[in-house]
Every structure is written in C-alpha cells, then in structure tokens.
Amino acid sequence: MTGHPLFSVLIANYNNGCYLQQAIDSVMAQTYDNWEIILVDDGSTDNSAEIYKKYESDPRFHIYFNEKNHGCGYTKRRCAELANGEICGFLDPDDELMPNALDVSIRNLVEHPNSVLSISRFYYCDESLNINKESRLLKLSDNETYLEHGDYCPEAFSAYLNEAYKKTAGINAYLKAGVDQDLYFRIEEQGKVSVVDKFTYKYRICQNSVSRDADYAFFWNLKVRFDAFQRRSIEVTKDNPLYMSFSRRLADSYQEGMEKGSDLVHKTYAYRLGKFILKPITFIMKKK
C-alpha cells in the first residue's frame with residue numbers, strides 16, 4: 001500500500017435520489033482527501049440523474065449506468081470491478097459516512113498489515129438519520145474467522161484491499177440480498193479481518209429497504225453462508241454457525257407467530273418451511 005492510497009467509495013444506486021445528495025456530501029466532508037466515487041446506477045427512474053449532472057466535471061466522480069435494472073448483486077459487483085483505488089468500501093446511497101470513515105479504515109489496515117478487511121462500528125438511525133442505537137462490537141479471537149465466528153450482523157463501514165478482491169471470483173452477481181456478507185467472506189479468504197472500535201457510519205432504517213423483509217434477507221444470507229462453507233470445504237454440522245443460525249431463525253420465527261396469536265402461526269417462516277418439506281409426504285399419504 002502506498003503512503004497516501006486512493007480510496008474508492010462505491011455506491012450502487014437505484015431510485016435513492018431523495019437521499020443520494022446526503023451520501024455524496026458525507027464523502028466530500030471526509031478528513032481524508034484522496035478518494036474517488038464509483039457510482040453505478042441500476043436503472044433509476046427518479047431524480048438521481050439531476051444529482052449526477054452536478055459532478056460531470058469533477059474528476060473524482062465516475063458515474064456509470066446499467067443498461068437495465070439488474071439488482072444489488074450485479075450492480076455492486078460492477079462497482080467493485082470499476083474501482084481504481086487501493087482500498088475500497090461500499091456506501092449505500094441512503095446512508096452517510098462519518099467524517100472520519102476513510103481515515104479510520106486506512107489507519108486500521110496500515111496498523112494490521114496482515115489484514116485485508118477493516119470493519120468498524122456504526123449507528124442505527126431513523127429515516128432522518130437521527131441516531132437510535134449503536135451497533136455491537138464484533139469480537140474475533142486471533143485464530144477465529146468471521147465466517148466461523150457466526151455473529152452475522154450488518155457491518156459498516158467495511159473497507160477492503162482491492163488487491164485482495166481481485167484474487168477472488170468477485171461478488172455473486174445473482175444475489176438480491178446478502179451481497180455485503182458475500183463480499184466479506186470472499187475477502188476474508190485472502191487474509192485477516194481487523195475490527196476497529198470506532199463509529200464511522202450512519203445506517204438509515206427505511207421502510208422500503210430490502211433488509212426490512214427479514215425472511216427475504218435471511219434466505220439470501222443463508223445462501224451466501226452456505227456458498228462460503230462450500231468454498232472452504234467446511235462440513236455443515238449441527239454445531240457450526242451455518243446450521244445454528246438457521247435453527248435460531250426457525251425458533252424465533254415460530255415464537256414471533258405465537259406471540260402475535262395462534263391464527264398467525266401459519267404465516268411464520270418455520271411453519272411455511274415445514275409445510276413445504278412435508279408436502280410430498282402429505283401427497284403420498286392422501287393417495288393411500
């Protein structure tokens with residue numbers, strides 16, 4: 001890494017024009033000045049184009065367009081492929097960076113030369129970016145990987161070495177959710193993860209966010225975790241994080257349905273999954 005590395009801030013935007021200016025302003029307010037923005041628009045139909053025009057003559061801005069809407073995995077993969085920086089990190093267009101975000105991430109990677117991924121802490125915020133609560137602090141022991149640790153919560157701001165990313169097969173373009181976790185698992189396969197106990201990001205909770213659909217998000221995240229276990233040739237057993245997170249999800253979903261009333265249990269993830277698994281058996285029994 002050079003003494004003053006270029007940092008590529010990656011933004012995958014789709015119809016977030018109402019928030020995008022705030023996200024861009026947070027990059028421009030950074031205490032670290034050697035950065036670029038790689039923005040890929042995934043077929044936005046809102047006012048995003050009006051914001052892009054403001055930065056047409058700014059050499060720090062590189063704005064690209066997908067020929068049609070492809071989804072999160074495809075667009076974030078393209079962002080990563082177009083990055084020029086030695087260090088990269090994703091900023092969602094409806095969130096903001098704290099002014100120290102780039103500086104903290106770079107320092108953390110420099111101070112831990114075996115690390116390829118820096119994870120910091122963030123604030124959960126409402127739609128107006130008022131802080132509601134703090135994220136937990138991820139704690140990894142020296143010989144423990146992020147995958148095997150199993151504490152799979154959102155991570156932001158996460159910065160990675162571009163050189164390490166280029167050694168991977170890249171973000172799975174097929175994914176509709178769980179994209180960031182897919183990135184972290186792939187990057188970790190090239191080196192260490194270093195966690196810094198500093199807040200660098202404001203994470204906006206929006207009603208229309210993909211992550212608000214818990215079952216949908218969990219499905220994609222489970223696929224991402226399973227793919228990572230396969231790549232690393234780790235056997236899935238009842239004692240490892242992959243199965244344990246699945247088991248907890250079933251239990252939590254069922255409990256949630258029970259608390260809302262027995263008439264809603266049939267809508268829970270656990271019930272629907274069980275019904276799907278038992279469907280062929282039920283069909284055979286009816287035939288008899």
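Trainee: How many aromatic pairs does the structure hold, and what makes two rings a pair?

Mentor: The structure holds 17 aromatic pairs, where rings of Phe, Tyr and Trp (its six-membered ring) pair if their centres lie within 6.5 Å, with planes under 30 degrees apart counted as stacked, over 60 as edge-to-face and the rest as tilted. This is a predicted model, in which local features need pLDDT of at least 70 and side-chain atom pairs count only at pLDDT 80 or more, while totals for chains, interfaces and linings use all residues. Residues are numbered from 1 along each chain as its sequence is written, and side-chain values use heavy atoms, leaving out hydrogens and water.

Trainee: Why is the pair of Phe7 and Phe157 called stacked?

Mentor: The ring centres of Phe7 and Phe157 are 5.7 Å apart and their planes differ by 25°, which is under 30 degrees and therefore counts as stacked.

Trainee: How do you know that Phe7 is buried?

Mentor: Buried means under 20% relative accessible area (exposed is over 50%, partly exposed in between, with a 1.4 Å probe and protein chains only), and Phe7 has 0%, so Phe7 is buried. Phe157, also at 0% relative accessibility, counts as buried.

Trainee: What makes Tyr146 and Tyr184 an edge-to-face pair?

Mentor: Their centres lie 6.4 Å apart with 65° between the planes, and because that angle is over 60, the pair is edge-to-face.

Trainee: Why is Lys76 said to lie over the face of Phe90?

Mentor: A charge sits over a ring if NZ of Lys or CZ of Arg is within 6 Å of the ring centre and within 35 degrees of the ring normal; Lys76 lies over the face of Phe90 at 5.0 Å from the ring centre.
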